[in-house]
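User: I want to know how the labels for this fold are earned. Can you take me through them?

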Amino acid sequence: MTDVDVAVIGGGPGGLAAAIVASNAGLRVAILEERATLGGQIYKRMGKGFHVDAQDARMGSDYNKGAKLIAAAESSGANIMTDCTVISVDSHTIMYSLAGEHVKEMSAAKVIVSAGAADRAVSFPGWTLPGVITAGGAQSLAKSQRISFGSRVVFAGSGPLALAFPAQLAHLGINVISLLEAGPAPRAGDLWKVAKAYRGNLHLLRDAAKYRAQIFKHRIDVNYRRIVVRAEGHERVERVIHAAVDSDWNPIPGTEKSIEADALCLGYGFVPSIETLRLFGCEFTVNEDLGGPCVVIDEECRTTAPDVWAVGDGAGVEGVYVAMSQGKIAALSAIHELRPNGTEGITVREINEGIARERKKITQKRALVGATKRMYKFGEGAYRLATPDTIICRCESVTLDNIDLAMQFGADTNSIKAMTRAGMGLCQGRNCQRQIVHRIHENAGIPVDQIALSTPRFPLRPVTLGSVADASVESDKFFTPVEEAQS
Ligand SMILES: Cc1cc2nc3c(=O)[nH]c(=O)nc-3n(C[C@H](O)[C@H](O)[C@H](O)COP(=O)(O)OP(=O)(O)OC[C@H]3O[C@@H](n4cnc5c(N)ncnc54)[C@H](O)[C@@H]3O)c2cc1C
């Protein structure tokens, strides 16, 4: 007997969609979410102690959609555990820290991981200056606390969210003066392809048109095929230097220009948060279009680890609607495995129909992404902007020079980590690992998909010593018993 039938790690759209389906079918479900509120990235709520007038139009339609999804999860009967950080996993057991208290364990028959994604960090001279901020960080400040991080903001990045983010920030009252898109300007052929992929995507096309109108209304200066090569300033960023790029985002010499700004927001896409899935021992592959290292999943989002499903951005960055469809598919698939004859809440036929319906939606969403591929393809030149003294691992202040030196003794992420501490800090390599992988690729000629990321370690997130040092939480799954350690 396990504590729950289904444990859902992550309370974003993917996790919530999964939990609602599983709980409504009568299963015992728990949602473990490290933030204080549900909603994940896109449906992020205001922080504790902040409140917003729900009628405020500036909150945008996403805020209201998130409110509905959260309300559905709350009324589904699922056990919602916020402030609950998963710090380790082992087969069917999840170790978590609730509100920073002593860690506890939960056993689950099935686990659905929907851990989301993180901003793709790109290192260049000056990227650690105060005033340089990732798009996700900027959005968090704006969405959850209504804090503006500058008075003259340059937004640099690529992809559909490089259109959405500056528009959203400007709409919230932030003065975005310039957008530097590393990809090419849309051509008539691109727009035609996008138009042909309209089925099931009209709402997304409407959103894109709305964002373009907002960019126009706020007079944001849009520049295509430009990348930030340097941020300059004393106490904080004062100037953003940008250059024209080729199709792989390599800067073209002699094309540099400068913009006076006190904030630079970077949105070069996202990378899946895979550390929980790696601890589960799942198999991985590399798909740069989905953000880099991606867990291998089947048609029903099953990973190669027994009883573990992966959905949403954490399984490959494909946006909120794919995340929710995958969440529903994973839940239906788990219900089917646990209750092969269905439940009082759902029949086997409904399960199969539900899976087919969500698969169709995913196919439609992927058709739209396919239509934008030429415009939004990530260029590896972004990983070649660092100079020898550029900091790559900002948690441990490790420069590119340090990494190159360590690489002489071993061209793999674990030896570089051991020698330089790159990846050992607070973010556990989320910011520097991809950059290091690409450096190994450049220096040693090893294909990117053959370079393993460094081994993930317990705890997945920082926890207080007190929360793990208590004898009551000792478990031979996660900790070595004292006698064994001494022998
Ligand atoms: C920074 C950022 C901003 C974005 N903004 C937009 C936007 O404005 N518009 C848009 O269309 N799309 C946006 N996206 C993309 C969109 O949000 C995602 O596609 C969508 O939220 C994916 O849902 P998800 O459930 O897969 O992941 P998420 O929404 O990221 O949810 C994952 C959840 O898992 C939780 N989690 C992760 N690890 C643990 C752990 N160890 N323990 C407990 N909980 C954990 C996280 O706290 C998070 O709440 C954004 C993505 C990111 C990364």
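The exchange below covers helix crossings and a sheet.

Analyst: Keep in mind that this is a predicted model.

User: Why are H4 and H6 called oblique to each other?

Analyst: The axes of H4 (residues 161-171) and H6 (residues 202-217) cross at roughly 55 degrees. Roughly parallel needs an angle under 35 degrees, and roughly perpendicular runs from 65 to 115. The angle fits neither class, so H4 and H6 are oblique. Their axes come within 9 Å, and the crossing is left-handed.

User: Which residues make that contact?

Analyst: From H4 come Leu-163, Ala-164, Pro-166, Ala-167, Ala-170 and His-171. From H6 come Ala-208, Tyr-211, Arg-212, Gln-214 and Ile-215. They divide into 8 nonpolar, 2 polar and 1 charged.

User: What makes H11 oblique to H13?

Analyst: The crossing angle of H11 (residues 400-407) and H13 (residues 433-444) is roughly 55 degrees. Roughly perpendicular starts at 65 and roughly parallel ends under 35, so H11 is oblique to H13. The axes come within 11 Å. This crossing is right-handed.

User: Which residues of H11 and H13 meet?

Analyst: Ile-403, Asp-404 and Met-407 of H11 meet Ile-436, Arg-439, Ile-440 and Asn-443 of H13. The split is 4 nonpolar, 1 polar and 2 charged.

User: How do H1 and H8 cross?

Analyst: The axes of H1 (residues 13-24) and H8 (residues 320-338) cross at roughly 35 degrees and come within 7 Å. H1 passes H8 in a right-handed crossing. Among the contact residues are Ala-17, Ala-18 and Val-21 of H1, with Ala-323, Gly-327 and Ala-331 of H8. The contact as a whole has 13 nonpolar, 4 polar and 1 charged residues.

User: How do you know that S9 and S10 pair?

Analyst: Pairing takes at least two bridges. S9 (residues 153-157) and S10 (residues 176-181) are joined by 5 bridges and run parallel. That passes the cut-off, so the two strands pair. One of the bridges links Phe-155 to Leu-179 in S10.

User: What makes S8 and S11 edge strands?

Analyst: The open sheet has 5 strands in the order S8-S15-S9-S10-S11, with parallel pairing. S8 (132-134) and S11 (221-224) each pair on one side only. From one strand to the next, the twist averages 20 degrees.

User: Which helix lies across S8, S9 and S15, and at what angle to S8?

Analyst: That is H3 (residues 135-145), which runs at about 90 degrees to S8. Angles of 65 to 115 count as roughly perpendicular, so H3 is roughly perpendicular to S8.

Definitions and conventions. Residues are numbered from 1 along each chain as its sequence is written. This is a predicted model: local features need pLDDT of at least 70, side-chain atom pairs count only at pLDDT 80 or more; totals for chains, interfaces and linings use all residues. Axes are lines fitted to C-alpha atoms, for helices over the stretch in contact, and angles run from 0 to 180 degrees between N-to-C directions. Helices (H or I, at least four residues) and strands (E, at least two) are DSSP runs, numbered from the N terminus. A crossing is left-handed if the near helix is turned anticlockwise from the far one by less than a right angle, and right-handed if clockwise. Two residues are in contact if their C-beta atoms, placed from the backbone, lie within 7 Å. Ala, Val, Leu, Ile, Met, Phe, Trp, Tyr, Cys and Pro count as nonpolar, Asp, Glu, Lys and Arg as charged, and the others, Gly among them, as polar. Angles under 35 degrees count as roughly parallel, over 145 as roughly antiparallel, 65 to 115 as roughly perpendicular and the rest as oblique.
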